[in-house]
There are 2 protein chains.
Amino acid sequence: MIDVVLCVPSCEGPIRKALEVAGVSPAVASSGRLAEVGALEPASGFAGAVINAAGFPFNDAMNLCRQLRHRTTSVGPIILLVDHYQLDDLTFREDLFDDFVVGPFDVSELATRLRHRLRRAGNESVAARVVHGDLAMNLETYQATIAGRVMDLTYMEYELLRFLATNPQRVFTRETLLSRVWGYEYYGGARTVDVHVRRLRAKLGEEHAHLIQTVRSVGYRFGVPEREEEG
Amino acid sequence: MIDVVLCVPSCEGPIRKALEVAGVSPAVASSGRLAEVGALEPASGFAGAVINAAGFPFNDAMNLCRQLRHRTTSVGPIILLVDHYQLDDLTFREDLFDDFVVGPFDVSELATRLRHRLRRAGNESVAARVVHGDLAMNLETYQATIAGRVMDLTYMEYELLRFLATNPQRVFTRETLLSRVWGYEYYGGARTVDVHVRRLRAKLGEEHAHLIQTVRSVGYRFGVPEREEEG
DNA sequence: CGTTGTGTTAACCCCGTGTGAAACTCGCGC
DNA sequence: GCGCGAGTTTCACACGGGGTTAACACAACG
């Protein structure tokens with residue numbers, strides 16, 4: 001499950017990018033009303049909040065922080081985005097937020113602060129992932145799960161599945177797969193790919209084996225088969 | 001009485017200015033040696049520490065942080081000053097510092113962060129222990145116990161286990177471990193890691209040896225291969 | 001000088017990987 | 001339907017590289 005971070009009032013440019021880098025996904029509340037926030041909240045709650053105090057009236061931002069802090073369910077760390085001239089306004093409001101970034105917002109700094117506060121809040125699961133349907137691959141733990149079940153993949157199996165899953169629906173020839181997954185200067189038989197696909201299908205289980213489809217005389221493709229639209 | 005903040009390795013320009021604005025006085029330790037730090041310490045202890053990681057070898061800065069955290073008397077919040085290119089190096093070291101500022105250092109931002117952390121210092125305590133399943137590590141006494149039994153770990157063993165245990169489930173390559181645990185400029189064979197892992201596993205005992213898992217052709221990981229998710 | 005901690009070297013071993021061949025399936029023409 | 005060939009799946013096996021392990025070298029420290 002990917003952690004969801006509340007974003008107010010928007011999530012664009014470097015902010016979105018930083019969330020990606022930090023391995024969390026945004027839930028955007030444009031108004032910042034508590035009702036809107038509540039509607040966006042996933043069952044597991046928010047992992048944190050990024051509030052762009054430079055993006056709407058400063059007092060509204062402060063009020064939102066206060067309200068978030070008073071909620072029964074925690075939102076995790078609150079990170080404030082402010083302009084330089086707003087720095088003084090933060091004094092005596094230290095309890096309302098956990099960290100802040102001064103604009104213009106730098107992607108790496110924002111991402112680092114996000115990670116820092118999330119991990120310090122005891123959140124271990126901040127990690128880059130590839131998720132596609134029932135398949136989830138955690139790139140930092142090298143663990144892959146299908147429908148919640150852990151698959152015990154070997155190195156090459158993992159790399160192949162990761163490549164396919166990060167490019168769903170696209171068909172790759174065996175030669176392409178060999179060069180992209182195994183390496184450019186790799187020189188080996190094309191049957192190698194077949195065998196690895198077979199092993200992957202076996203570990204995916206009968207139910208999910210079809211996630212890797214054979215495209216006859218072309219190659220392989222990852223994803224659920226797109227049904228031709230009828231009509 | 002004015003709070004004293006430890007400054008390493010110097011306190012000039014915007015840094016001094018920011019301390020003034022924040023209303024604290026500096027104690028400058030130019031070398032960053034623990035002995036020097038101790039000599040500077042007032043009876044009431046330090047209120048916090050500002051460490052300019054851009055001002056001396058990064059690894060020394062990290063070691064200093066670690067040592068400060070291990071002291072029996074608290075130093076309060078640790079604020080790191082870093083260059084932009086050092087941001088990535090902060091990852092996986094979230095427990096060693098409480099906040100950071102990216103150069104070029106801005107007086108108001110630095111002052112605001114100082115105030116913020118000093119004021120929040122009371123309610124946010126750094127976990128002095130790492131606990132994971134049967135493993136418990138006391139960061140102050142350098143003692144580690146597994147299932148209640150005290151393990152007699154050497155320095156490197158302790159540091160390696162601590163690093164792995166504070167980042168459970170995550171896979172680290174030998175190179176990463178060498179740079180993060182041993183140090184940046186460390187240049188040694190990758191087998192070194194293997195051997196230390198082996199010694200750790202031996203001391204963990206047969207029953208718990210599996211806490212450090214080998215991920216073939218990738219590296220090592222700490223934790224039980226539990227299924228993730230669930231939240 | 002023993003002791004203890006740390007890093008290196010090299011032998012050993014095992015598992016992941018690639019390969020060839022057999023079995024099988026699909027598409028096509030008759 | 002039948003036969004055929006190209007393409008794919010499946011299997012068993014050999015090899016090599018990566019991991020484990022023990023023994024050694026060496027520095028630090030008393």
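This is a short talk on a predicted model with two protein chains and two DNA strands, covering the DNA surfaces, one sheet, the domains and the chain contact.

Okay, housekeeping before the fun part. Since the model is predicted, local features need pLDDT of at least 70 and side-chain atom pairs count only at pLDDT 80 or more, while totals for chains, interfaces and linings use all residues. Residues are numbered from 1 along each chain as its sequence is written, and chains are lettered from A and ligands numbered from 1 in the order in which they are written.

Let's start with the DNA. Around strand C you'll find 23 residues, where "near" means that the C-beta atom, placed from the backbone, lies within 6 Å. The closest are A:Thr154, A:Gly188, B:Thr154, B:Tyr155 and B:Gly188. Helices H5 (155-166) and H7 (191-204), in chain A and again in chain B, each give at least two residues to that surface. Helices and strands here are DSSP runs numbered from the N terminus, with H or I over at least four residues for a helix and E over at least two for a strand. H7(A) has the largest share, with four residues.

What does the surface near strand C look like by class? It has eight nonpolar, 10 polar and five charged residues. For the record, Ala, Val, Leu, Ile, Met, Phe, Trp, Tyr, Cys and Pro count as nonpolar, Asp, Glu, Lys and Arg as charged, and the others, Gly among them, as polar.

Now DNA strand D. Of its 16 surrounding residues, A:Asp194, A:Arg198, A:Thr214, B:Asp194 and B:Thr214 come nearest. H7 of chain A and H7 of chain B each put in at least two residues. By class, the surface near strand D has four nonpolar, four polar and eight charged residues.

Staying with those helices, look at chain B. The axes of H5(B) and H7(B) come within 10 Å and cross at roughly 90°; axes are lines fitted to C-alpha atoms, for helices over the stretch in contact, and angles run from 0 to 180 degrees between N-to-C directions. So we call the pair H5(B) and H7(B) roughly perpendicular, the label for 65 to 115 degrees. On the H5(B) side the contact uses B:Met156, B:Glu157, B:Leu160 and B:Leu161, and on the H7(B) side B:His196, B:Arg199 and B:Leu200. "Contact" means C-beta atoms, placed from the backbone, within 7 Å.

Next, the sheet in chain A. Three strands make an open antiparallel sheet in the order S10-S12-S11, and two strands pair if DSSP finds at least two bridges between them. S10 (171-173) and S11 (212-215) of chain A are the edges, each pairing on one side only. Neighbouring strands in this sheet are turned by 30° on average, direction ignored. Four bridges join S11(A) to S12(A), residues 219-222, and A:Ile212 has A:Phe222 as its bridge partner. That pair of strands is a hairpin with three residues between them, and A:Ser217 in the turn has a positive phi of about 55°. Helix H6 (174-182) of chain A lies across S10 and S12, at about 85° to S10(A).

Zooming out: chain A splits into domain 1 (4-120) and domain 2 (129-222), bounds that come from an automatic or database domain assignment. Their centres, taken over C-alpha atoms, are 37 Å apart.

Last, the two chains. 25 residues of chain A are in contact with 26 of chain B. On the chain A side, H4 (107-120) and S8 (143-146) each supply at least two residues, and H4(A) brings the largest share, seven.

Conventions: Angles under 35 degrees count as roughly parallel, over 145 as roughly antiparallel, 65 to 115 as roughly perpendicular and the rest as oblique.
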